Amino acid sequence: MSKEYSSLLSELREKLVSCSSQHDLANIKSHYLGRKGVISNEFIKLRTASTEERKILGGKLNALKDEAQKLIASKASELSVSVDCNEKTDISLPGSNIYLGSRHPVNLTINKIIDILRNYGFETVDGFEIEDEFHNFDALNIPASHPARDMHDTFYISDDKLLRTHTSSVQIRSMLSSSPPLRIMTPGKVYRSDSDPTHSPMFHQIEGLCIDKNINFCHLKSLLSTFITELFGRDMDIRFRPSYFPFTEPSAELDIKFNGKWLEVLGCGMVHPNVLSNVKIDSKKYSGFAFGLGIERLAMLQYGITDLRMFYENDLSFLSQFKGLK
Ligand code: DAH
């Protein structure tokens, strides 16, 4: 390499040593390697040189260009590493907070109910949120002409497909797919075309079903009485009030006394023989009880929530009150 070229290289090296930013490096690069830069200029000068000289100097000039490119590239990677390191190791920056979420009160209530019923031998079963009329109505002794169909304010998807209006439809699916003895609980979403401060078009229910030989109303009463005590963690004033559901006979509703007032919390009864025969279970051999309850209503009572809509607004200040609960 000619003297002039080697002095160019040492000048570049010096500049790179004192260069400390990508911006300065870009300037250095364009000064030496840019289209109108120092090295391009030397190539232009070569045009007037003799053929012999051009051969020798051209090779040297190319070597200079290669070396300059290498030096600049290695400085560039040195600078980018040091920038990254600075960002990663700036220990004076405040740490970022980790916000732990909380379980939703609806899930807290479902989990609590499942925990209690599991101890009584009930097994969780999932059904379908999109149902047909057979599982949601007909098999449950609610034929097309039955007035109870109107009470359900059903969302129809097609002539026969609908959003299930209650988890009782899962009873039918379970009894069709397994033979007794059966003890199942079916938590899940249900849908009704109803919306005001105390009703939501989607809410949650849990259904319990027990089918075995010699099951009678006393079993149902005793199970639900203990269930309520365990759920609220103390003895509550409760009463069974005669009621009517097409799929149970006899039917009842369970009320709990809150602040001196009776509040209905669940429906229950002995599985109607028509329902058993619809799912090919011999009602002379087997009997059973069922119950169904609305989760939101229970969660409102348990946690003192006054407006149903709070469950669905995803307001963090509401939800964070349930932190730490399981
Ligand atoms: N399916 C009823 C409803 O949605 C609740 C219910 C009542 C379920 C009585 C039952 C029962 O299993 O026995 O209102």
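Biologist: What does Asp-115 count as: buried, partly exposed or exposed?

Modeller: Some ground rules come with this predicted model: local features need pLDDT of at least 70, side-chain atom pairs count only at pLDDT 80 or more, and totals for chains, interfaces and linings use all residues. Residues are numbered from 1 along each chain as its sequence is written, and side-chain values use heavy atoms, with hydrogens and water left out. Buried means under 20% relative accessible area and exposed means over 50%, with partly exposed in between (1.4 Å probe, protein chains only). Asp-115 has 43% relative accessibility, so the label is partly exposed.

Biologist: Which residue forms a salt bridge with Asp-115?

Modeller: A salt bridge here is a side-chain nitrogen of Lys or Arg within 4 Å of a carboxyl oxygen of Asp or Glu. Helices (DSSP runs of H or I, at least four residues) and strands (runs of E, at least two) are numbered from the N terminus. The partner sits three residues from Asp-115 in helix 5 (residues 105-119), so about one helical turn separates the two. With the closest N and O atoms 3.0 Å apart, that partner is Arg-118.

Biologist: How many salt bridges does the count come to?

Modeller: The pair of Asp-115 and Arg-118 is one example. Using the 4 Å rule, the count comes to ten.

Biologist: Arg-239 forms a salt bridge with which residue?

Modeller: The closest N and O atoms of this bridge, between Arg-239 and Asp-255, are 2.8 Å apart. The two ends belong to distant parts of the chain, 16 residues apart, with Arg-239 in strand 6 (residues 238-245) and its partner in strand 7 (residues 248-258). Arg-239 is partly exposed at 32%, whereas the partner is buried at 2% relative accessibility, and its name is Asp-255.

Biologist: And what is the salt bridge partner of Arg-241?

Modeller: In this bridge, Arg-241 and Glu-253 bring their closest N and O atoms to 3.2 Å. Arg-241 lies in strand 6 and its partner in strand 7, so the bridge ties together parts that are twelve residues apart in sequence. Arg-241 counts as partly exposed at 26%. Buried at 12%, the partner is Glu-253.

Biologist: Which residues are linked in a network of salt bridges?

Modeller: One bridge joins Arg-239 to Asp-255, and another joins Arg-241 to Glu-253. The linked network is made of Arg-239, Arg-241, Glu-253 and Asp-255.

Biologist: How many disulfides does the structure hold?

Modeller: A disulfide is a covalent bond between the sulfur atoms of two cysteines. The cut-off for one is a pair of cysteine sulfur atoms within 2.5 Å. The number in this structure is zero.

Biologist: For Cys-210, which residue has the nearest cysteine sulfur?

Modeller: The structure holds zero disulfides, and Cys-210 is in none. Cys-210 is buried, with a relative accessible area of 4%. The nearest cysteine sulfur is 13 Å away and belongs to Cys-268.

Biologist: Which element gives the most to the lining of the largest pocket?

Modeller: On a 1 Å grid over the protein atoms alone, a pocket is an open set of points where a 1.4 Å probe fits, with protein on both sides within 12 Å along at least five of seven lines; lining residues have an atom within 4 Å of a point. About 1200 Å³ of space lies in the largest pocket, volume being the space filled by probe spheres set on points joined across faces, edges and corners. Of its 42 lining residues, those closest to the centre are Arg-192, Phe-203, Gln-205, Glu-264 and Gly-294. Giving six residues, the top contributor is strand 8.

Biologist: Is Asn-136 buried or exposed?

Modeller: Asn-136 lies in helix 6 (residues 133-136). Leaving out residues up to four places away in sequence, its contacts (heavy atoms within 4.5 Å) include Glu-131, Ile-142, Leu-162 and His-166. With a relative accessible area of 0%, Asn-136 is buried.

Biologist: How far apart in space are His-104 and Asn-314, C-alpha to C-alpha?

Modeller: His-104 is found in the loop between helix 4 (51-89) and helix 5, and at 18% it counts as buried. Beyond neighbours within four places in sequence, His-104 is in contact with Phe-311 and Leu-319. His-104 and Asn-314 are 210 residues apart in sequence, yet their C-alpha separation is 9.3 Å.
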